[in-house]
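Visitor: Please take me through one part of this model. I want a close look at the binding site and its contacts.

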Amino acid sequence: MNYDLHSKWVLITGASSGFGAAAARAFGAKGCRLLLGARRLDRLQASAEAAKAAGAIEVWHHPLDVASTASVNNFMAWVATKTQGLDVLINNAGGAHGLDPVATATDADWEAMLQSNVLGVLRMTRGALPFLRKSEGSSIINIGSYAGHVAYEGGAAYCAAKAGERKITQALRLELSGTGIRVSTVDPGLAETEFSLVRFKGDTARATKTYEGTQPLTADDVAETLVWIAGRPAHVNIDELLIKCVDQAAMHKVHRRPRA
Ligand code: NDP
Ligand code: 8X3
């Protein structure tokens, strides 16, 4: 029997845009209760409203910077005022900063990527574990990347960070064996969100070029996958799910249509 998501508590990090905002709407449409975190509060509020409109029973949002232990602790203290039991944790907050080769990349970019994509997942999971129900069917779903499987030029730190996320997921899967808590990583390839805008520090032209002539994944494609994973029967654990658009046959082979 599928795991019934209705009325379940779902915590989503990085819910102010992209996959996280789409996941809030998708779990909302299943009648979940949502706890949303991110740094941009205006965007987070808009995302919360959209999730409520989609059908969420209740939606709460609170500032969260996963790069800060103090912020994560503050967020989890706030969670405790809403519920004592979590059913699904989605560690989605993260992203890439820069596409520079190791020879010229900056400490600031490296540190930002490792803080959010690696330490953020560890901090959030440590903070949320006391709340995650030790009953059949609860889930931790981490957002990794195709970049955690295959390296590319300019991606050293981001690829390392997402490879790190994958190893964290695998270690957690072992550590939580016997608790009933499921652990998964969803690893998307090219997807059109604000990811490239952030990577290229607001350079819209460069961000747009990333997707030129190709049909990338959408945030909704990934969100649907998250709902599917959390909704599998309680004895089923999707350990790893690599999801790419049809046009991305490999990291360096992306089909692009010539401009009409
Ligand atoms: P977006 O830039 O649209 O969303 C990123 C989200 O993460 C935002 O809500 C942002 O919120 C949040 N975030 C970033 N840093 C922090 C932080 N320190 N603390 C709290 N929240 C943070 O990109 P995506 O939706 O594409 O990215 C979501 C995840 O998916 C990331 O982990 C990314 O690495 C991964 N991914 C993306 C792919 C793609 O091609 N788009 C492919 C594979 C993986 P705010 O700025 O408000 O804090
Ligand atoms: C994002 C996918 O290939 O741009 O994680 O690194 S990629």
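Guide: A polar contact is a pair of N or O atoms within 3.5 Å; within protein, one must be able to donate a hydrogen and the other to accept it, and residues adjacent in sequence count only if both atoms are side-chain atoms. Tyr152 fits: a polar atom of its side chain lies 2.6 Å from an oxygen atom of ligand 2. This is a predicted model, where local features need pLDDT of at least 70, side-chain atom pairs need 80 or more, and totals for chains, interfaces and linings use all residues. Residues count from 1 along each chain, chains are lettered from A and ligands numbered from 1 as written, and side-chain values use heavy atoms, without hydrogens or water.

Stay with ligand 2. Ser145 also reaches it, with a polar side-chain atom 2.5 Å from a ligand oxygen. For Tyr158, a side-chain N or O atom is 2.6 Å from an oxygen of ligand 2. The protein covers 86% of the 250 Å² of accessible area that ligand 2 has on its own (Shrake-Rupley method, 1.4 Å probe). Around ligand 2 stand Ser145, Ala147, Tyr152, Tyr158, Phe195 and Met251, each with a heavy atom within 4 Å. This shell has five nonpolar residues, one polar and no charged. Tyr counts as nonpolar here, and Gly as polar.

Now ligand 1. Its shell holds 31 residues, and Ser16, Phe19, Arg39, Tyr158 and Thr193 are the closest. By class, 14 are nonpolar, 12 polar and five charged. Helix 1 (18–29), helix 5 (156–175) and helix 6 (195–199) each supply at least two of these residues; helices are DSSP runs of H or I, at least four residues, numbered from the N terminus.

Backbone atoms make contacts too. A polar backbone atom of Ala191 is 3.0 Å from a nitrogen of ligand 1. At Gly95, a backbone N or O atom lies 3.4 Å from a ligand 1 oxygen. For Gly18, a polar backbone atom is 3.5 Å from an oxygen of ligand 1. Alone, ligand 1 exposes 870 Å², and the protein buries 95% of that.

Where does ligand 1 sit? Ligand 1 sits in the largest pocket. The space taken by ligand 2 is the largest pocket as well. A pocket is an open set of points on a 1 Å grid over the protein atoms alone, where a 1.4 Å probe fits, with protein on both sides within 12 Å along at least five of seven lines. A molecule sits there if more than half of its atoms lie within 2 Å of the grid points.

Notes. 1 Å grid on protein atoms, 1.4 Å probe; cavity = no way out; pocket = protein on both sides within 12 Å on 5 of 7 lines; lining within 4 Å. Helix = DSSP H or I, 4+ residues; strand = E, 2+ residues; numbered from the N terminus.
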